[in-house]
Amino acid sequence: LAVAILVVAPIVLVRAVSRELHAPNGNQGFVVIFGMDLVVLAGFAILVGSAIALRRHGEFHKRLMLLATCSIILPAISRLPISVAAVFLLFYACALVPVIIDTARHRRLHPAFGWGAPLLIASQQLAFYAAHTHAWHAFVARLFA
């Protein structure tokens with residue numbers, strides 16, 4: 001399923017962005033969506049790839065797969081009729097609640113959560129800011145010209 005996501009999602013993303021940017025009244029917000037979704041897919045690939053590489057270590061594998069699942073929920077959350085701040089807060093909750101519960105249960109922060117959750121959260125926050133820059137908008141305009 002993860003391979004299917006990594007094959008189909010970029011195709012769907014590029015077609016959707018191209019359709020919107022070339023439409024007469026297209027939604028220019030797709031420039032930001034394009035950047036955010038590229039980072040979502042990259043984070044998903046890193047987390048799933050790491051989980052597969054560590055599949056013989058069940059405690060790492062299951063935590064990384066959980067984070068990978070959390071990583072692809074942001075586009076779904078962003079469709080809710082709530083503010084951008086609320087979208088990110090809900091996303092952070094989805095990523096951090098399992099970390100908090102696991103840490104409380106085992107009385108220590110597992111290394112997979114220790115590097116995976118900050119990577120997930122930081123990458124999304126940086127992508128959000130970067131996707132709003134003039135440089136990103138100019139790049140996407142040239143890419144889809």
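Reader: Why is Phe139 called partly exposed?
Author: Phe139 has 36% relative accessibility. Buried means under 20% relative accessible area and exposed over 50%, with partly exposed in between (1.4 Å probe, protein chains only), so at 36% Phe139 counts as partly exposed. This is a predicted model, where local features need pLDDT of at least 70 and side-chain atom pairs count only at pLDDT 80 or more, while totals for chains, interfaces and linings use all residues. Residues are numbered from 1 along each chain as its sequence is written, and side-chain values use heavy atoms, leaving out hydrogens and water.

Reader: And what makes Trp136 buried?
Author: Its relative accessible area is 18%, which is under the limit for buried, so the word fits.

Reader: How many aromatic pairs are there, and why is the one of Phe128 and Tyr129 called edge-to-face?
Author: The structure holds seven aromatic pairs. Rings of Phe, Tyr and Trp (its six-membered ring) pair if their centres lie within 6.5 Å; planes under 30 degrees apart are stacked, over 60 edge-to-face, and the rest tilted. Phe128 and Tyr129 are 5.6 Å apart, centre to centre, with 70 degrees between the planes, so they are an edge-to-face pair.

Reader: What makes the pair of Trp136 and Phe139 tilted?
Author: Here the centres are 5.4 Å apart and the planes 40 degrees, so the pair is neither stacked nor edge-to-face, but tilted. Both residues lie in helix 7 (residues 134-143), three residues apart, about one turn of the helix. Helices (H or I, at least four residues) are DSSP runs, numbered from the N terminus.

Reader: How do you know that helix 5 has close to its expected reach?
Author: The expected span is 1.5 Å times one less than the number of residues. Helix 5 (residues 84-106) has 23 residues, and it reaches 33 Å from first C-alpha to last, close to the 33 Å expected.

Reader: What is meant by the kink in helix 5?
Author: The bend at a residue is the angle between axes fitted to the seven residues ending there and the seven starting there. At Leu96, shortly before Pro98, the kink is about 30 degrees.

Reader: What makes Ser50 a partner of Ile46?
Author: A polar contact is a pair of N or O atoms within 3.5 Å; within protein, one must be able to donate a hydrogen and the other to accept it, and residues adjacent in sequence count only if both atoms are side-chain atoms. A polar atom of the Ser50 side chain lies 2.8 Å from the backbone oxygen of Ile46. Ser50 is found in helix 2.

Definitions and conventions
Helix = DSSP H or I, 4+ residues; strand = E, 2+ residues; numbered from the N terminus.
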